[in-house]
Amino acid sequence: MTPAHHREQLNNMLCEAAEIEHSLMCTYLYAAFSVKQSTAEDLSEEEFAAVQRWRREIIAVAVDEMLHLSLVSNLIACIGERPHYRRFNFPISSGLFPADVAVALAPLDMATLDHFVYLERPHSVEERDAARYEKSSFKRVLPTGRLMAFSDDYTTVGELYQCILDSFRYLVNEYGEEAVFVGRGDTQLSMREFALDGLHPVLNLADVESVINRIVSQGEGSTESVAGSHYGRFCAIRQEWRAFEAARPDFRPARPVAENPIMRSQVAAGARVHIVAEPAASLLDLGNACYGLMLRLLGLMNDRWLVQAQIRPAVARQSLTMMHAVTEIATLLTGLPANPEHPGVNAGLTFTVSRAALSFVDPASACSVLGERNAAIAERLQRFAADFPSLQALADTLNGFASAWRDWGAALHGAGETVAPLPAAVAPSQPAAAPAPASGKVETAHCDAATVSFDHGRCIHARQCVMGEPGVFVANKPGEWIYPAEASAERLVRIAIACPSGAIQVTRHDGGDDETAPLVNQIRVRENGPLAVHGELNTAGNSDGYRATLCRCGQSQNKPYCDGSHGPAGFTASGEPATRPSEPLPVRNGMLQLRPQKNGPLLVLGNTEILSGTGRTVDRLSETRLCRCGQSKNKPFCDNSHLAAGFVADGE
């Protein structure tokens with residue numbers, strides 16, 4: 001490849017890289033969604049465990065491609081151009097990528113896996129692509145000295161990225177960093193928006209080199225090792241697959257899902273499966289609508305007004321919700337017939353992109369259009385929920401987002417031309433609720449001044465009670481062991497506040513003040529242990545007092561609360577994570593919503609300060625996702641390791 005000698009050509013290379021990352025992500029997800037979901041689908045227990053592990057592994061690779069797409073978006077933004085989230089519909093026509101780069105949707109079979117290995121291969125490795133992928137013979141040539149951008153040829157994706165790096169180096173050498181890096185850093189994506197390890201703004205040539213090294217090493221592997229790279233992971237799946245196939249020649253890990261499915265009538269030559277059978281056709285329409293909304297939200301993320309309005313984290317969260325919706329609907333489709341002319345063939349999500357622009361004219365129109373679109377998709381999800389109950393929660397969530405966009409639009413309308421911070425709307429809003437049911441056996445003890453309650457299920461044995469008021473809490477005593485009359489009501493409240501888990505609650509009868517919400521919401525990271533939360537808590541939609549300790553080892557039998565399982569499990573995690581750059585919060589208290597995500601992290605909504613075990617500020621934020629699977633490499637924050645780990649836990 002020939003390096004770019006002007007910004008237009010570099011932007012063209014980066015947009016092609018974005019299209020490749022985006023397309024690969026979709027093909028990997030399509031294959032993962034096709035995997036069988038139970039032993040009833042002709043799989044032994046051992047085979048089922050393996051294919052579910054492969055599914056998680058392939059989804060984890062797809063998440064890496066999402067990181068790569070986000071990083072390429074930052075590379076585009078850093079040179080002053082708008083990030084590129086559009087791509088051509090499947091199957092990709094000849095000429096859009098080099099002749100040897102074929103991209104199409106297919107279920108997970110050996111040909112698909114061979115193709116994945118081929119796409120992710122290092123430049124120095126010989127691999128043969130699957131025969132299924134027909135390739136035209138042509139060569140793209142970049143003419144020299146042209147002002148217009150042309151696409152050049154490359155043999156591997158790694159070669160494309162090397163040329164992009166050489167292009168940045170050439171332009172910086174010719175014009176200087178200040179002239180090349182004209183994009184704003186605060187509008188680029190970072191780990192504050194998406195919990196993708198390594199997602200950072202690009203501000204200079206050193207950042208470019210770091211980003212491209214990460215992308216290439218995750219895909220092909222480094223010169224020292226391919227272990228852990230996409231290439232290495234796909235090779236490992238292929239090796240295990242061959243062993244199962246040798247033991248049982250009719251081993252098939254995937255459902256009979258369509259190759260090259262299409263949503264609209266076929267106009268191009270080639271084998272296609274038009275999805276027309278119901279309910280698959282209507283569900284496909286809904287899935288693609290969710291996918292399209294996700295792209296519009298991602299396209300909005302780099303708008304300056306979103307940063308000024310301080311709603312960027314909420315928009316990022318909605319884009320993640322849409323990704324979950326796409327996953328849910330795409331998996332449902334693989335169990336539904338596609339077309340009566342193709343008996344025995346099931347449907348699949350086509351990831352169809354409309355020709356409409358992803359950007360908006362102005363903030364007010366963005367709020368209006370997105371409020372309308374969320375409401376329309378929510379209504380359709382609601383309609384399907386009777387037959388597919390898993391869609392009900394998504395319908396409720398999108399109705400909440402529709403309300404949030406309408407509220408933001410009204411606030412912008414009232415502000416005129418000024419974009420100021422908007423209300424911290426969340427979706428869906430959580431109604432006030434009665435206190436959560438006790439998580440274990442609860443003992444109560446009364447005296448004239450106060451009533452003390454003790455919840456055994458919440459206790460983590462911090463021993464603040466027996467050490468602070470040994471006359472009230474008599475350790476290791478059979479039978480009755482709590483004597484509230486041995487201390488004043490003030491002292492009882494003080495010891496309750498010192499209990500990090502919220503196991504101890506005190507209600508005063510003397511007219512004095514009960515415990516109140518703290519002035520500063522805090523989440524303290526305990527060494528090799530749970531997260532200790534202090535604030536006005538609402539856990540999973542229930543009022544939950546002011547204190548709780550939440551599991552972050554993934555082993556508790558009382559999730560989301562800690563039950564001490566981190567000790568027997570040998571969980572190790574620092575209580576002193578690195579400090580992240582942050583600004584003081586204008587408001588430091590208020591309701592703190594703790595919303596465990598199904599099979600995923602803990603979503604925290606509300607102003608809070610993350611503190612180390614010694615009290616040092618780690619971060620200050622109004623929204624974050626915290627690890628509760630115990631596998632994140634960026635604890636206490638989620639880095640999506642729960643996907644590869646197969647973490648299972650209740651949540652919304």
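These are my notebook entries on a few backbone, cavity, helix-packing and distance look-ups in a predicted model.

**Entry 1: cis peptide bonds**

I started with the backbone, keeping in mind that most peptide bonds are trans. I looked up the bond between F90 and P91 and found it cis, with omega at about -10°. P91 sits in a loop, the one that runs between helix 2 (45-78) and helix 3 (110-119).

My next stop was the bond from E278 to P279. This bond is cis as well, and its omega is near 10°. I placed P279 in the loop between strand 2 (273-274) and helix 8 (280-300). I will come back to helix 8 below, since I also looked up how it packs with helix 11.

**Entry 2: positive phi**

Then I turned to phi, which is negative for most residues other than glycine. Which phi does N260 have? I noted a positive value of about 50°, although N260 is not a glycine. N260 belongs to the loop between helix 7 (230-247) and strand 1 (261-262). Is N260 buried or exposed? Its relative accessibility is 16%, and the cut-off for buried is under 20%, so N260 counts as buried.

I made a similar note for N640. This residue is not a glycine either, and I read a positive phi of about 75°. I located N640 in the loop between strand 13 (617-626) and helix 16 (641-645). With a relative accessible area of 15%, N640 is buried.

**Entry 3: cavities**

How many cavities of 30 Å³ or more does a search of the whole structure find? I wrote down 5. I took a closer look at the largest cavity, which holds about 110 Å³ of space.

Its lining is made up of 13 residues, and those nearest the centre of the cavity are E21, E120, V157, I215 and G219. I also asked which elements give two or more residues to this lining. They are helix 1 (7-33), helix 2, helix 4 (157-175) and helix 6 (205-219). Sorted by class, I have 6 nonpolar, 3 polar and 4 charged residues in the lining of the largest cavity.

**Entry 4: helix pairs**

Helix 1 and helix 4 both turned up in the cavity lining, and I checked how they pack. Their axes come within 10 Å and cross at roughly 155°. Angles over 145 degrees count as roughly antiparallel, so helix 1 is roughly antiparallel to helix 4. I noted the crossing of helix 1 and helix 4 as left-handed.

Helix 2, another contributor to the lining, I paired with helix 7. Here the axes come within 11 Å and the crossing angle is roughly 165°. Helix 2 and helix 7 are therefore roughly antiparallel to each other. I logged a left-handed crossing for helix 2 and helix 7.

Back to helix 8, as promised. I found helix 8 packing with helix 11 (residues 363-384) at an angle of about 155°, and their axes are 11 Å apart. That makes helix 8 roughly antiparallel to helix 11. My note on handedness for helix 8 and helix 11 reads left-handed.

**Entry 5: three buried residues and some distances**

I ended with a few C-alpha distances. T331 is part of helix 10 (residues 312-333). Its relative accessible area is 16%, so T331 is buried. How far apart in space are T331 and A106? From C-alpha to C-alpha I have 14 Å, for two residues that are 225 apart in sequence.

R121 lies in the loop between helix 3 and helix 4. I put R121 down as buried because its relative accessible area is 9%. Along the chain, R121 and A357 are 236 residues apart, and their C-alpha atoms are separated by 34 Å.

D129 is found in the loop between helix 3 and helix 4. I noted D129 as buried too, at a relative accessible area of 13%. The partner I looked up for D129 was G615, which is 486 residues away along the chain. The C-alpha atoms of D129 and G615 are separated by 55 Å.

Terms used. Residues numbered from 1 in each chain as written. Predicted model: local features only at pLDDT ≥ 70, side-chain atom pairs only at ≥ 80, totals over all residues. Heavy atoms only, no water. Helix = DSSP H or I, 4+ residues; strand = E, 2+ residues; numbered from the N terminus. Buried < 20%, exposed > 50% of the residue type's maximum accessible area, 1.4 Å probe, protein only. 1 Å grid on protein atoms, 1.4 Å probe; cavity = no way out; pocket = protein on both sides within 12 Å on 5 of 7 lines; lining within 4 Å. Points joined across faces, edges and corners; volume = space filled by probe spheres on them. Nonpolar A, V, L, I, M, F, W, Y, C, P; charged D, E, K, R; others polar. Axes fitted to C-alpha atoms, helices over the stretch in contact; angles between N-to-C directions. Parallel < 35°, antiparallel > 145°, perpendicular 65-115°, else oblique. Left-handed = near helix turned anticlockwise from the far one by under 90°.
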